[in-house]
Amino acid sequence: MAPVSIKNVKKNYGRVTVMDDVSIPIEDGEFVVLVGPSGCGKSTLLRMIAGLEDITGGTISIGDRVVNDLPPKARDISMVFQNYALYPHMTVAENMAFSLTLAKASAEEKRRKVADAADILGLTPLLDRYPRQLSGGQRQRVAMGRSMVRNPQVFLFDEPLSNLDAKLRVAMRAEIKALHRRLGSTIIYVTHDQVEAMTMADKIVVLQNGHVEQVGAPLALYDSPANRFVAQFIGSPSMNLLKARSRGDQLLLANGAPSGLPLPAGLTEGREILVGKRPEHMALADDGIEALVKVVEPTGSELFVSADCAGSEITCVFRERLNIREGEHLRLSLGSGPTYYFDAETGARL
């Protein structure tokens with residue numbers, strides 16, 4: 001186990017900058033998730049930590065060593081990839097022991113370490129099978145076991161659950177989180193799925209276009225997003241944003257309807273802003289703002305309603321079993337739950 005320090009890291013491909021002055025402190029034993037849309041730089045950053053990509057500027061330290069110029073094998077890290085990368089002609093036990101074989105470990109050491117990892121991951125009955133005889137979740141556990149036997153200072157996960165079906169992803173999320181609690185290892189985990197990030201992380205790093213947008217605990221990012229991007233990226237369904245403008249002592253929506261919300265402090269006359277409301281905080285009200293229902297999606301425990309409200313597309317999440325139909329007009333109140341205000345031009349939170 002070891003802390004990881006990323007300071008002012010930059011990455012250029014020729015004249016194209018893909019990572020720009022990124023700094024992230026990662027504590028010893030912390031589970032950190034790098035999350036963001038495709039192309040934001042999260043996998044590139046993970047590969048730079050692993051030594052698979054050179055860095056253009058800044059420093060990366062693992063423990064008390066700066067590892068900028070060290071090859072991957074000298075960094076004492078282990079990486080779990082999206083595609084498992086198992087050898088088809090080797091058994092589960094042989095796949096798990098492969099790095100120990102390369103290190104010329106004794107047969108007894110290999111047997112002991114493989115047995116310990118297999119016991120933790122529930123792979124003991126499968127040690128004599130080949131990858132083709134395993135399910136996707138079992139193959140991913142073998143890939144994790146192959147990393148565990150090395151006892152690295154840092155585990156790196158690069159979207160390891162992307163190839164699994166929805167039910168298996170949920171199960172594997174729980175397994176990886178339980179594994180982290182048991183081992184106490186430092187884990188850096190890359191995903192584009194913000195639900196994975198919210199459910200697994202001690203700390204989330206939200207990236208966009210090679211920049212760090214916000215760093216914090218999952219619920220801190222959900223409750224206090226720094227800007228419009230984080231507000232809409234963290235949370236599923238994403239936060240609703242309604243266009244609004246100040247007029248006198250009122251905050252009017254894009255269609256001129258009063259929002260019923262207080263004016264943010266210091267808001268100048270006529271300034272355009274975005275009002276943010278989480279879908280679960282949209283409430284039905286007889287005297288509320290009119291909305292036209294476009295799509296109704298019952299999930300069993302919840303009802304998702306997509307609607308056009310004051311010129312903005314919104315989503316409402318109701319936990320009651322309501323008889324709402326497409327094409328129907330609803331009236332919604334913006335008064336329940338937290339309200340967020342963002343600058344319409346810059347996206348900064350007011």
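The legends below describe close-up views of a predicted model.

**View 1. The largest pocket of the predicted model, with a volume of about 480 Å³.** Sixteen residues line this pocket, and those closest to its centre are Ile77, Ser78, Met79, Ser99 and Arg150. Three elements each supply at least two residues of the lining: strand 6 (77-80), helix 3 (98-102) and helix 5 (136-148). By residue class, the lining divides into 10 nonpolar, three polar and three charged residues.

**View 2. The second largest pocket, holding about 190 Å³ of space.** Its lining is made up of Met1, Lys113, Asp116, Ala117, Ile120, Met148, Val149, Asn151, Pro152, Phe155, Leu183 and Ser185. Helix 4 (residues 107-121) gives the largest share of this lining, four residues. Eight of the lining residues are nonpolar, two are polar and two are charged.

**View 3. The contact between domain 1 (4-231) and domain 2 (238-343).** Seven residues from domain 1 and seven residues from domain 2 take part in the contact. The C-alpha centres of domain 1 and domain 2 are 39 Å apart. The size of an interface is often given as the accessible area lost when the parts come together. Here the area buried between domain 1 and domain 2 is about 650 Å², and carbon and sulfur atoms give 55% of this area. On the side of domain 1, Tyr222, Arg228 and Ala231 supply 76% of the area buried against domain 2, more than any other three residues. Zero salt bridges are found across the interface of domain 1 and domain 2.

**View 4. The cis peptide bond that joins Ser236 and Pro237.** Omega for this bond is about -5°. Pro237 sits in the loop between helix 9 (228-233) and strand 11 (240-247). For background, most peptide bonds are trans.

**View 5. Tyr84, a residue with a positive phi.** The phi of Tyr84 is about 70°, although Tyr84 is not a glycine. As a rule, most residues other than glycine have a negative phi. Tyr84 lies in the loop between strand 6 and helix 2 (92-96). Strand 6 (77-80) also appears in View 1, where it supplies at least two residues of the lining of the largest pocket.

Notes:
Residues are numbered from 1 along each chain as its sequence is written. This is a predicted model: local features need pLDDT of at least 70, side-chain atom pairs count only at pLDDT 80 or more; totals for chains, interfaces and linings use all residues. Side-chain values use heavy atoms; hydrogens and water are left out. On a 1 Å grid over the protein atoms alone, a cavity is a set of points where a 1.4 Å probe fits but cannot get out, and a pocket is an open set with protein on both sides within 12 Å along at least five of seven lines; lining residues have an atom within 4 Å of a point. Grid points are joined across faces, edges and corners, and a volume is the space filled by probe spheres set on the points. Ala, Val, Leu, Ile, Met, Phe, Trp, Tyr, Cys and Pro count as nonpolar, Asp, Glu, Lys and Arg as charged, and the others, Gly among them, as polar. Domain bounds come from an automatic or database domain assignment. Contact means heavy atoms within 4.5 Å. Buried area is the accessible area (1.4 Å probe) that two parts lose on being put together, summed over both. A salt bridge is a side-chain nitrogen of Lys or Arg within 4 Å of a carboxyl oxygen of Asp or Glu.
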